[in-house]
Amino acid sequence: TLIERCLDVLPQAVHLLNVQYRMHRAIMHFSNEYFYGGALQAHETVGDRRLLSLDAGGETLTVFEPVVFVDTAGAGFEEKLNESVKGNQTRAVSRYNPEEALLLREHLLQLLEKFPEGRNPSIGLLSPYREQVNYLEDMVREDPVLAPLLLPGGGLNINTIDGFQGQERDVIYISLVRSNARHDIGFLSDYRRMNVAMTRARMLLVVVGDSATIGQNRFYQAFLDYCAEHGRYQT
């Protein structure tokens, strides 16, 4: 990029903004070690700020782990390819994973059950694949509990990772989609894009994916190990 070329020419002009004011340090830590050599620090106002469920009187009902990986390996949630036909040509449009989307919805519904009415956190549902975003949008609109959250002020946003850049939410779900016997992860191998997605969450990051597919990749295996050691790893 233009910025990267400028950094090569003028390295003395580079200053890392090493204090972040967005996320819990457990959400920050994986990206911090993998991409920034441990140089980032979480400001004291956010470093230990966890997602809490409070009752009407302000008493704590639930304290949530900041980082969660939900593993679909062995469940048979195979990715699907949306294709379009033009003339005699068939071309792939985008990938989606309906069973993974349903699992994400159930996880989200269980999370929302822990919050009194009107006290929901702000939530983002992200995926690198546009077709999965379309599927999630249709599914949420058909759900009587979730559909109102899509209205202005409802606190729920569904978008691609690229489309969500520059935004943040209390809770971020990421649907990775890829699940195949070839261990093919496609453009999930764009780690900088995934770094952007993982660091959108303020207090809770939930990643849903197939460890048997993504675990052959060094970056994702490191993330799986991180979740097992420092977060919550659900099968």
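Student: In this predicted model, are helix 5 and helix 7 roughly parallel or roughly antiparallel to each other?

Tutor: The model is a predicted one, and in it helix 5 and helix 7 pack with their axes 11 Å apart, at an angle of about 25°. Angles under 35 degrees count as roughly parallel, whereas angles over 145 count as roughly antiparallel. Because the angle here is about 25°, the description that applies to helix 5 and helix 7 is roughly parallel.

Student: What is the handedness of the crossing of helix 5 and helix 7?

Tutor: The angle between two packed helices and the distance between their axes describe how they pack, and the handedness of the crossing can be added to that description. For helix 5 and helix 7, where the angle is about 25°, the crossing is right-handed.

Student: Helix 5 also packs with helix 2, so are these two roughly parallel or roughly antiparallel to each other?

Tutor: The axes of helix 2 and helix 5, the latter made of residues 191-198, lie 10 Å apart, and the angle between them is about 155°. Helix 2 passes helix 5 in a left-handed crossing. Since an angle over 145 degrees falls in the antiparallel class, helix 2 and helix 5 are roughly antiparallel.

Student: Which helix gives the most residues to the lining of the largest cavity?

Tutor: The whole structure holds one cavity of 30 Å³ or more, and about 40 Å³ of space lies in the largest cavity. Its lining is made by A26, I27, F30, S31, V67, M198, L205, F223 and Y226, and both helix 2 (25-35) and helix 7 (218-230) supply at least two residues. With four residues, the helix that gives the most to this lining is helix 2.

Student: How many residues of that cavity lining are charged?

Tutor: Sorted by class, the lining of the largest cavity has eight nonpolar residues and one polar residue. The number of charged residues in the lining of the largest cavity is none, or in the words of the count, no charged.

Student: What is the volume of the largest pocket?

Tutor: Of the 18 residues that line the largest pocket, the closest to its centre are Y36, L40, N195, T199 and R200. Strand 1 (19-20), helix 2 and helix 5 each supply at least two residues of this lining, and by class the lining holds nine nonpolar, six polar and three charged residues. The volume of the largest pocket is about 420 Å³.

Student: Which helix gives the most to the lining of the second largest pocket?

Tutor: The second largest pocket has a volume of about 230 Å³, and of the 13 residues that line it, the closest to its centre are F64, H107, K114, R232 and Q234. Strand 4, strand 11, strand 12 and helix 3 each supply at least two residues of the lining. With three residues, the helix that gives the most to the second largest pocket is helix 3.

Student: How do helix 3 and helix 4 lie to each other, and which word describes that?

Tutor: The axes of helix 3 (residues 98-112) and helix 4 (residues 130-141) come within 10 Å and cross at roughly 50°. An angle of roughly 50° is neither under 35 degrees, nor over 145, nor between 65 and 115, so the arrangement of helix 3 to helix 4 is oblique.

Student: In the open sheet of six strands, which strands stand at the edges?

Tutor: The open sheet has the order 9-8-10-11-5-12, with parallel pairing. A strand at the edge has a single partner strand, so one side of it is left without a neighbour in the sheet. The strands standing at the edges are strand 9 (156-160) and strand 12 (232-234).

Student: Which residue is the bridge partner of R169 in strand 11?

Tutor: Strand 10 (residues 169-175) pairs with strand 11 (residues 201-209) in the parallel sense, over six bridges. In strand 11, the bridge partner of R169 is A201.

Student: Which residue in the turn of the hairpin of strand 3 and strand 4 has a positive phi?

Tutor: Strand 3 (residues 52-54) and strand 4 (residues 60-63) pair in the antiparallel sense over three bridges, and L54 stands opposite T60 in strand 4. Five residues lie between the two strands of this hairpin. The residue in the turn with a positive phi, of about 90°, is G58.

Conventions. Residues are numbered from 1 along each chain as its sequence is written. This is a predicted model: local features need pLDDT of at least 70, side-chain atom pairs count only at pLDDT 80 or more; totals for chains, interfaces and linings use all residues. Side-chain values use heavy atoms; hydrogens and water are left out. On a 1 Å grid over the protein atoms alone, a cavity is a set of points where a 1.4 Å probe fits but cannot get out, and a pocket is an open set with protein on both sides within 12 Å along at least five of seven lines; lining residues have an atom within 4 Å of a point. Grid points are joined across faces, edges and corners, and a volume is the space filled by probe spheres set on the points. Ala, Val, Leu, Ile, Met, Phe, Trp, Tyr, Cys and Pro count as nonpolar, Asp, Glu, Lys and Arg as charged, and the others, Gly among them, as polar. Two strands pair if DSSP finds at least two bridges between them. Axes are lines fitted to C-alpha atoms, for helices over the stretch in contact, and angles run from 0 to 180 degrees between N-to-C directions. A crossing is left-handed if the near helix is turned anticlockwise from the far one by less than a right angle, and right-handed if clockwise.
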